[in-house]
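Hi,

Here is the structure I promised to send over. Have a look at it first, and then read my notes underneath.

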Amino acid sequence: MCLGIPGRVLEVRDSAGLRMATVDFGGVRREVCLEYTPQAALGDYVIVHVGFAITTVDEAEAQRTLGVLRAMAGAVEGELGEPLPDARP
């Protein structure tokens, strides 16, 4: 299954000529390429597929989607390599 998972951009930087970011997926952090979303900025939410941010979304949509993905048990584990933590208070 291929998933686009929403995450929040925590840090943006240049790495070997590529625009990269550290993105938080509700407690799981991963390195993500922002080349396809040049408008993405610190604090924005992006949809990530196989390590690439493919679009931006608002926070409400990101949180709703993360809730659905948490309910899907192990579906996210295949994409992130670990399950999403429980929702934060």
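**Thr-37 and what surrounds it**

Leaving out residues up to four places away in sequence, Thr-37 touches Arg-19, Ala-53, Ile-54 and Thr-55. Thr-37 sits in the loop between β3 and β4, and it counts as buried because its relative accessibility is 1%. Keep in mind as you read that this is a predicted model.

Leu-34 is in that loop too, between β3 (29–33) and β4. With a relative accessibility of 0%, Leu-34 is buried as well. Which residues does Leu-34 contact, leaving aside its neighbours within four places in sequence? They are Val-12, Arg-19, Met-20, Ala-21, Ala-40 and Ala-53. Arg-19 and Ala-53 thus turn up in the list for Leu-34 and in the one for Thr-37. Leu-34 and Ile-54 are 20 residues apart in sequence, with their C-alpha atoms 7.9 Å apart in space.

**The overall layout**

The protein chain has 89 residues, of which 34% count as buried. It holds two helices and five strands, in the order β-β-β-β-β-α-α from the N terminus. Taking the contacts with a separation of 6 or more, 39% are between residues 24 or more positions apart. The accessible surface is about 5,100 Å², and carbon and sulfur atoms make up 54% of that.

**The β4/β5 hairpin and a nonpolar patch**

Strand β4 (residues 45–49) pairs with strand β5 (residues 52–57) in the antiparallel sense, over five bridges. Val-48 stands opposite Ala-53 of β5, and Ala-53 is also one of the contacts of Leu-34. The hairpin has two residues between its strands, and Val-50 there takes a positive phi near 45°.

Is Val-50, in the loop between β4 and β5, buried or exposed? Val-50 is exposed, since its relative accessible area is 55% and the cut-off for exposed is over 50%. Val-50 also belongs to a nonpolar surface patch with Tyr-36, Phe-52 and Ile-54, and together they have about 420 Å² of accessible area.

**Charges, and a buried threonine beside them**

The count of salt bridges comes to three. Two of them involve Arg-13: one with Glu-11, at 3.8 Å from N to O, and one with Glu-31, at 1.8 Å from N to O. The pair of Glu-31 and Arg-13 links distant parts of the chain, with Glu-31 in strand β3 and Arg-13 in strand β1 (residues 5–15), 18 residues apart. Glu-11 is partly exposed at 39% relative accessibility, Arg-13 is partly exposed at 28%, and Glu-31 is partly exposed at 44%.

The remaining bridge joins Arg-64 and Glu-61, whose closest N and O atoms are 2.9 Å apart. About one helical turn separates these two, because they are three residues apart in helix α1 (residues 59–71). Glu-61 is partly exposed, at 32% relative accessible area. Back among the strands, shared partners join Glu-11, Arg-13 and Glu-31 into one salt-bridge network.

Thr-22, in strand β2 (residues 18–24), meets two members of that network through its side chain. One polar contact, of 3.5 Å, goes to the side chain of Arg-13, and another, of 3.1 Å, goes to the side chain of Glu-31. Thr-22 counts as buried because its relative accessibility is 11%, under the 20% cut-off. Its contacts beyond four places in sequence include Arg-8, Val-9, Leu-10 and Glu-11.

Best wishes

Key. Residues numbered from 1 in each chain as written. Predicted model: local features only at pLDDT ≥ 70, side-chain atom pairs only at ≥ 80, totals over all residues. Heavy atoms only, no water. Pairing = 2+ DSSP bridges. Helix = DSSP H or I, 4+ residues; strand = E, 2+ residues; numbered from the N terminus. Buried < 20%, exposed > 50% of the residue type's maximum accessible area, 1.4 Å probe, protein only. Contact = heavy atoms within 4.5 Å. Polar contact = N/O pair within 3.5 Å; in protein donor to acceptor, adjacent residues only side chain to side chain. Patch = residues over 30% accessible without salt bridge, like charges linked within 9 Å, V, L, I, M, F, W, Y side chains within 5 Å. Areas by Shrake-Rupley, 256 points an atom, 1.4 Å probe, with all protein chains shown as cover. Salt bridge = Lys/Arg side-chain N within 4 Å of Asp/Glu carboxyl O.
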